[in-house]
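Reader: Please take a close look with me at one part of this model, and then follow the chain outward from there. I am a first-year student and would like each term explained when it comes up.

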Amino acid sequence: MSKKRILIADDEPNIVISLEFLMTQAGFEVESVGNGEAALDAIRRNPPDVLLLDVMLPVRDGFEVCQTIRQNPSLAGLKIVMLTAKGRDTEITKGLALGADAYVTKPFATRDLLATVKSLAGG
């Protein structure tokens with residue numbers, strides 16, 4: 001059985017490093033990008049099982065990326081976990097309305113995030 005793939009789209013290096021470590025330790029194959037356009041390019045090239053998507057990204061924000069993915073029927077199976085320091089109800093509602101499968105606010109408990117990713121990845 002091949003490893004489940006995670007794409008991390010976040011522009012904060014310290015968060016990317018900790019997420020990469022966490023997901024690799026959990027047995028996932030991990031790729032990281034630093035902006036929304038790069039995330040879409042990576043998804044078109046090799047769609048992951050789960051996308052960890054920061055809302056506040058350069059070039060195209062997480063909301064735009066989520067919306068773009070959800071408008072593409074061939075990516076219907078891609079699970080999206082939005083990560084954000086913005087935990088206000090309006091942002092959570094917007095993220096879920098655009099098609100995010102889960103919404104995690106920073107700072108997050110790594111155990112909780114990992115449980116969310118594992119359940120979405122089906123493992």
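Author: Let's start with a pair of helices: H2 and H3 are roughly parallel to each other, because their axes cross at roughly 25 degrees. Angles under 35 degrees count as roughly parallel, over 145 as roughly antiparallel, 65 to 115 as roughly perpendicular, and the rest as oblique. This is a predicted model, in which local features need pLDDT of at least 70 and side-chain atom pairs count only at pLDDT 80 or more, while totals for chains, interfaces and linings use all residues. Residues are numbered from 1 along each chain as its sequence is written, and side-chain values use heavy atoms, with hydrogens and water left out.

Two packed helices are described by the angle between their axes and by the distance between those axes. For H2 (residues 36-45) and H3 (residues 62-70), the axes come within 9 Å. Helices (H or I, at least four residues) and strands (E, at least two) are DSSP runs, numbered from the N terminus. An axis is a line fitted to C-alpha atoms, for helices over the stretch in contact, and angles run from 0 to 180 degrees between N-to-C directions.

The crossing of H2 and H3 is right-handed, meaning that the near helix is turned clockwise from the far one by less than a right angle (anticlockwise would be left-handed). On the H2 side, Gly-36, Ala-39, Leu-40 and Ile-43 make the contact, and they meet Val-65, Thr-68 and Ile-69 of H3. Contact here means heavy atoms within 4.5 Å. Sorted by class, this contact has five nonpolar residues, two polar ones and no charged ones. Ala, Val, Leu, Ile, Met, Phe, Trp, Tyr, Cys and Pro count as nonpolar, Asp, Glu, Lys and Arg as charged, and the others, Gly among them, as polar.

Now put a second pair beside the first. The axes of H1 and H5 (residues 110-121) come within 11 Å and cross at roughly 55 degrees, so H1 and H5 are oblique to each other. Here too the crossing is right-handed. From H1 come Leu-19, Leu-22 and Met-23, which meet Thr-110, Leu-113, Leu-114 and Val-117 in H5. That contact has six nonpolar residues, one polar and no charged.

Leu-114 deserves a second look. This residue of H5 counts as buried, because its relative accessibility is 15%; buried means under 20% relative accessible area, exposed over 50%, and partly exposed in between (1.4 Å probe, protein chains only). Leaving aside neighbours within four places in sequence, Leu-114 is in contact with Leu-22, Met-23, Ala-26 and Phe-28. Leu-114 and Ala-39 are 75 residues apart in sequence, and their C-alpha atoms are 20 Å apart in space. Back in H1, Ile-17 counts as exposed at 57% relative accessibility.

Just ahead of H1, in the loop between strand E1 (5-9) and H1 (13-25), sits Asp-10. At 2% relative accessibility, Asp-10 is buried. One polar atom of the Asp-10 side chain lies 2.9 Å from the backbone nitrogen of Glu-12. That pair fits the definition of a polar contact: N or O atoms within 3.5 Å, where within protein one must be able to donate a hydrogen and the other to accept it, and residues adjacent in sequence count only if both atoms are side-chain atoms. Beyond four places in sequence, the residues in contact with Asp-10 include Ile-15, Val-33, Asp-54 and Lys-106.

Lys-106 brings us to a special bond: the peptide bond from Lys-106 to Pro-107 is cis, with omega near -5 degrees. Pro-107 itself is in the loop between strand E5 (102-105) and H5.

Finally, go to Arg-5 in strand E1, which counts as buried at 10% relative accessibility. Its side chain makes a polar contact of 3.1 Å with the side chain of Glu-29, and the Arg-5 side chain also reaches the backbone oxygen of Pro-47 at 3.3 Å.
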